[in-house]
Amino acid sequence: MPAYHSIFLQDTDVRLIAKFPLSPLRTRTRGPAYTLPALPPNTTPPETSPDPDHESYDPLDEILALYRANTFFRNFEIKGPADRLLIYGILCVGELLGRVPKTGGQREGEKALINAALEQFAIPGDAGFPLNQAFEAPRDRQDAEVLR
């Protein structure tokens with residue numbers, strides 16, 4: 001059984017920085033990525049993702065949906081930038097799950113994840129970046145800041 005590839009592979013009009021796609025996201029936070037429309041109220045519970053056919057389905061929904069299935073594959077053929085984002089996202093989810101304390105409540109888990117988000121992290125081209133063979137270094141400092 002082959003690994004699951006991203007459904008966003010056909011999106012060719014996405015800006016790339018260091019072979020990393022700046023895909024649209026469903027968010028209220030400003031940033032360099034295009035913002036998808038929010039889900040209409042009362043369509044799905046907030047803890048679930050929309051269907052892949054929905055206009056608000058974003059790469060983060062896909063990463064969370066495919067995390068368990070793709071984690072067990074040792075080899076993964078990269079077919080495009082969206083697959084690179086999927087691999088990086090799965091790696092990040094695994095890292096974040098490892099930081100959540102096994103004992104404690106929801107508040108402690110949220111605190112651990114917020115602290116992880118505020119830490120300085122490696123980007124493609126940095127020595128500590130785990131997937132340097134799949135990405136390339138940003139062209140300049142501005143591209144590096146956009147990735148951060």
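Q: Is Arg99 buried, partly exposed or exposed, judged by its relative accessibility?
A: Happy to start here, with a reminder that this is a predicted model. The relative accessibility of Arg99 is 33%. Buried would need under 20% and exposed over 50%, so Arg99 counts as partly exposed.

Q: Which residue forms a salt bridge with Arg99?
A: Let's look for an acidic partner. General chemistry helps: side chains of opposite charge can pair when their charged atoms come close. For Arg99, the closest N and O atoms of the pair are 2.9 Å apart, and the partner is Glu119.

Q: How many residues apart in sequence are the parts that Arg99 and Glu119 tie together?
A: Arg99 forms a salt bridge with Glu119. Arg99 lies in helix α2, while Glu119 lies in the loop between α3 (106-118) and α4. The pair therefore ties together parts whose separation in sequence is 20 residues.

Q: What is the relative accessibility of Glu119?
A: Now for the other end of that pair. Glu119 counts as partly exposed, because its relative accessibility is 39%.
Its partner Arg99 also has a value that counts as partly exposed, 33%. For Glu119, then, the figure is 39%.

Q: How far apart are the closest N and O atoms of Asp143 and Arg15?
A: Asp143 and Arg15 form a salt bridge. The cut-off for such a pair is 4 Å. The closest N and O atoms here are separated by 3.7 Å.

Q: Where do Asp143 and Arg15 lie, and how many residues apart in sequence are the parts they tie together?
A: Asp143 sits in helix α4 (residues 141-147). Arg15 belongs to the segment before β1 (16-17). The pair therefore ties together parts that are separated in sequence by 128 residues.

Q: Which residue of the Asp143 and Arg15 pair is buried?
A: Arg15 counts as partly exposed, with a relative accessibility of 44%. The relative accessible area of the other partner is 5%. Buried means under 20%, so the buried residue is Asp143.

Q: Which residues are linked with Asp143 in a network of salt bridges?
A: One link is already familiar, since Asp143 forms a salt bridge with Arg15. The network takes in a further arginine as well. Linked with Asp143 are Arg15 and Arg139.

Q: Why are Glu110 and Arg107 separated by about one helical turn?
A: These two form a salt bridge, with the closest N and O atoms 3.7 Å apart. Glu110 is partly exposed at 33%, whereas Arg107 counts as exposed at 56%. The separation is about one helical turn because the two are three residues apart in helix α3.

Q: How many salt bridges does the count come to?
A: Several have been introduced already, including Glu110 with Arg107 and Arg99 with Glu119. The full count comes to seven.

Q: Which side chain of opposite charge is nearest to Asp83?
A: Asp83 lies in helix α2 (residues 81-99). Asp83 is buried yet has no salt bridge. At 6.4 Å, the nearest side chain of opposite charge is beyond the 4 Å limit for a salt bridge. That side chain belongs to Lys79.

Q: How far away is the side chain of opposite charge nearest to Arg84?
A: Arg84 also lies in helix α2. Arg84 is buried and has no salt bridge. Beyond four places in sequence, Arg84 is in contact with Lys19, Ile78, Ala134 and Phe135. The nearest side chain of opposite charge is that of Glu136, at 7.8 Å.

Q: What is the volume of the largest cavity?
A: The count comes to one cavity of 30 Å³ or more. Among the residues that line the largest cavity are Ser6, Phe8, Pro59 and Leu86. By class, the lining has six nonpolar, two polar and one charged residues. The space inside is about 30 Å³.

Q: Which helix supplies the largest share of the lining of the second largest pocket?
A: This pocket has a volume of about 340 Å³. Of the 18 residues that line it, the closest to its centre are Phe76, Ile87, Ile90, Leu91 and Leu131. The lining divides into eleven nonpolar, five polar and two charged residues. The largest share, six residues, comes from α2.

Methods: Residues numbered from 1 in each chain as written. Predicted model: local features only at pLDDT ≥ 70, side-chain atom pairs only at ≥ 80, totals over all residues. Heavy atoms only, no water. Helix = DSSP H or I, 4+ residues; strand = E, 2+ residues; numbered from the N terminus. Buried < 20%, exposed > 50% of the residue type's maximum accessible area, 1.4 Å probe, protein only. Lys, Arg positive; Asp, Glu negative; His and termini not counted. 1 Å grid on protein atoms, 1.4 Å probe; cavity = no way out; pocket = protein on both sides within 12 Å on 5 of 7 lines; lining within 4 Å. Points joined across faces, edges and corners; volume = space filled by probe spheres on them. Nonpolar A, V, L, I, M, F, W, Y, C, P; charged D, E, K, R; others polar. Contact = heavy atoms within 4.5 Å.
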